[in-house]
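Subject: Structure handover

Hello,

I am handing over the structure we spoke about. Please look through it before reading the notes underneath.

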Amino acid sequence: MTAMTTLTVLSAEAPSLVQSVDWLAIAPVLITAVVGLAVLVADLFLAERHKPVLGWISVAGLAAATATLLPLRAGDRATFCLTGDPAACSYVADRFTLVIQFLVLAGALVTALVSVTAVRDTRMPAGEYWFLLLSSAAGAALLPASRDLATLIVALEVASLPAFALVGMRRGDRLSSEAALKFFLSSVTATAVSLMGVSFVYAATGSLHLTQVADRLEDVPGQLDTLAVAGVALTLVGFAFKTAAVPFHFWVPDTYVGAPLPIAGYLSVIGKAVGFTGLILVTVIAFPAYSDIWGPALAVLAALTMTLGNAAALRQSPDRPNSAVRLLAWSSVGQAGYLLVPIAAAAYSGRDQIGSTVAYALMYAVVNLGAFAVAALVARTKPLHRISDYRGLYAERPLAALSLGFFLLCLAGLPPGIIGLFAKVTVFQSAVDAGLGWLAVVMAINVVIALYYYLRWTALLFRTPEGAQTRTRAPWPVAAAIVVTAITAVVVSGAPELILRVTSGSLFAQ
């Protein structure tokens with residue numbers, strides 16, 4: 001009887017090792033993953049003529065996952081927390097998480113709309129395509145909520161591995177196969193470097209949770225300091241690759257050209273969001289103690305990235321096959337440089353500067369996905385993807401031409417694309433506030449350089465067309481994607497404070 005009483009007392013005093021799960025907090029990721037599995041299983045039983053329904057199931061699943069963000073808008077949930085330290089959680093649904101998850105899931109939804117027609121027309125295997133897209137979206141949605149290094153790396157690979165297969169989905173296409181192989185080998189190398197960095201950080205701190213890593217890096221023993229510095233540097237290299245920062249950008253142009261157009265658009269937005277999200281989490285949350293190392297390094301990377309990206313975009317010949325996709329690819333490298341600026345600034349003036357990167361990413365996502373949607377529409381009759389193919393587009397498809405012109409002006413930061421101007425001013429201000437005047441000057445010069453190639457393409461849309469125009473009916477899913485992105489861009493340009501209000505202040509749980 002005494003032994004039983006003692007056992008009862010001990011069990012009451014011992015902390016529970018069972019973690020509770022907040023199912024609502026993980027719903028956006030869970031729904032996306034479950035729908036992906038359902039599509040893969042359904043593909044086994046559906047006849048070929050019924051395969052298009054898989055696309056609409058995927059669209060509905062992504063819409064449902066996006067809708068589940070509404071009850072989480074307070075940004076005060078966390079789950080998978082340590083029982084001994086409730087503040088150390090592996091999954092946190094704060095404001096930062098919700099904004100990035102909205103970007104990822106809404107972007108994947110637009111990609112899915114554009115893909116519905118592309119999968120049917122190019123005869124890509126429907127089941128595999130939709131499963132891979134949803135799997136990648138689930139990993140991308142998990143990443144901003146990840147608050148330990150293990151979950152962060154797993155989410156990064158879940159987002160990336162399906163993307164390799166999606167790039168090479170056009171079977172028998174040499175460019176597609178080469179692009180997928182280059183993307184895969186480069187990414188695997190970067191991941192291996194990141195894993196080595198994470199292992200060094202763990203050896204130096206004894207923890208994988210970002211908040212605990214940050215605390216322990218403040219007081220690393222002298223004999224472990226070199227190991228910690230090496231771990232921080234190697235971890236950042238892997239995420240710099242995902243952001244397409246120079247000199248880790250070389251895979252971008254060939255990958256975008258070889259991938260199906262909807263996937264190229266997906267990589268330019270969601271793929272980039274994955275890299276920047278991971279970079280933000282490891283720098284401002286896990287490694288603030290080493291801001292004197294990663295701050296200057298990211299500032300230099302930002303300057304190199306925007307300069308090389310814009311210079312390469314400037315060199316694209318309008319008559320060269322795939323020049324339109326290559327210009328968008330190099331443009332995305334240049335835009336990555338702008339996105340790096342506030343992260344570098346956070347090393348000097350606090351992590352609230354991260355809101356500028358998030359605001360810019362939201363603007364960029366809307367207009368870049370819209371530009372790729374128009375490119376997918378034009379490619380139906382002009383498959384060479386040349387910039388010159390857009391000459392006189394206004395005479396053939398007025399609404400598509402007006403939409404693309406507006407998207408390009410937003411990317412350039414010119415009126416009436418006010419949201420692009422506001423986003424660039426916000427990023428510019430973050431550099432000035434951090435005392436990075438030289439970086440602000442480099443950014444201003446690059447914005448002027450980018451004006452030339454954006455305006456050259458925009459002017460081409462309204463010139464007199466050459467030869468007979470081939471007019472076909474636009475598939476309504478592609479048209480819907482263009483309309484949704486165009487309306488969103490116009491609304492936000494009329495009220496840019498909507499985005500600035502969402503991304504201002506502290507985005508992270510305290």
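The notes below go through a few helices, a pair of strands and two single residues.

Please keep in mind that this is a predicted model.

Helix H2

Helix H2 covers residues 27-45. With 19 residues at 1.5 Å a residue, H2 should span 27 Å, and its end C-alpha atoms are 27 Å apart, so the expected and computed values agree. The buried residues of H2 are Ala27, Pro28, Val29, Thr32, Val35, Gly36, Val39 and Asp43. What do they pack against? Their partners are three helices, H3 (52-67), H4 (95-121) and H5 (126-142), together with strand S2 (89-93).

Gly36

Gly36 sits in helix H2. Its relative accessibility is 1%, and because buried means under 20%, Gly36 counts as buried. Leaving out residues up to four places away in sequence, Gly36 touches Phe131 and Leu134. The C-alpha atoms of Gly36 and Gly61 are 8.4 Å from each other, while the two residues are 25 apart along the chain. Gly61 is itself among the buried residues of H3.

Helix H3

The 16 residues of H3 should span 22 Å at 1.5 Å a residue; the end C-alpha atoms are 23 Å apart, which agrees. Buried in H3 are Leu54, Gly55, Ser58, Val59, Gly61, Leu62, Ala65 and Thr66. They cover an arc of only 160° around the axis, so they are on the same side of H3. The buried residues of H3 pack against H2, H4 and H5. H2 in turn has H3 among the elements that its buried residues pack against.

Strands S1 and S2

Which way do S1 and S2 pair? Strand S1, residues 77-81, pairs with S2 in the antiparallel sense, over four bridges. Arg77 has Ala93 in S2 as its bridge partner. S2 is mostly covered, with five of its five residues buried. S2 is also one of the elements against which the buried residues of H2 pack.

Thr235

Further along the chain, Thr235 lies in helix H9, which runs over residues 225-242. Is Thr235 buried or exposed? At 1% relative accessibility, Thr235 counts as buried. Apart from its neighbours within four places in sequence, Thr235 is in contact with Ser194, Gly197, Val198, Val201, Val282 and Phe287.

Regards

Definitions and conventions: Residues are numbered from 1 along each chain as its sequence is written. This is a predicted model: local features need pLDDT of at least 70, side-chain atom pairs count only at pLDDT 80 or more; totals for chains, interfaces and linings use all residues. Side-chain values use heavy atoms; hydrogens and water are left out. Helices (H or I, at least four residues) and strands (E, at least two) are DSSP runs, numbered from the N terminus. The expected span of a helix is 1.5 Å times one less than its number of residues. Buried means under 20% relative accessible area, exposed over 50%, partly exposed in between (1.4 Å probe, protein chains only). Contact means heavy atoms within 4.5 Å. The arc is that of the directions from the helix axis to the C-beta atoms. Two strands pair if DSSP finds at least two bridges between them.
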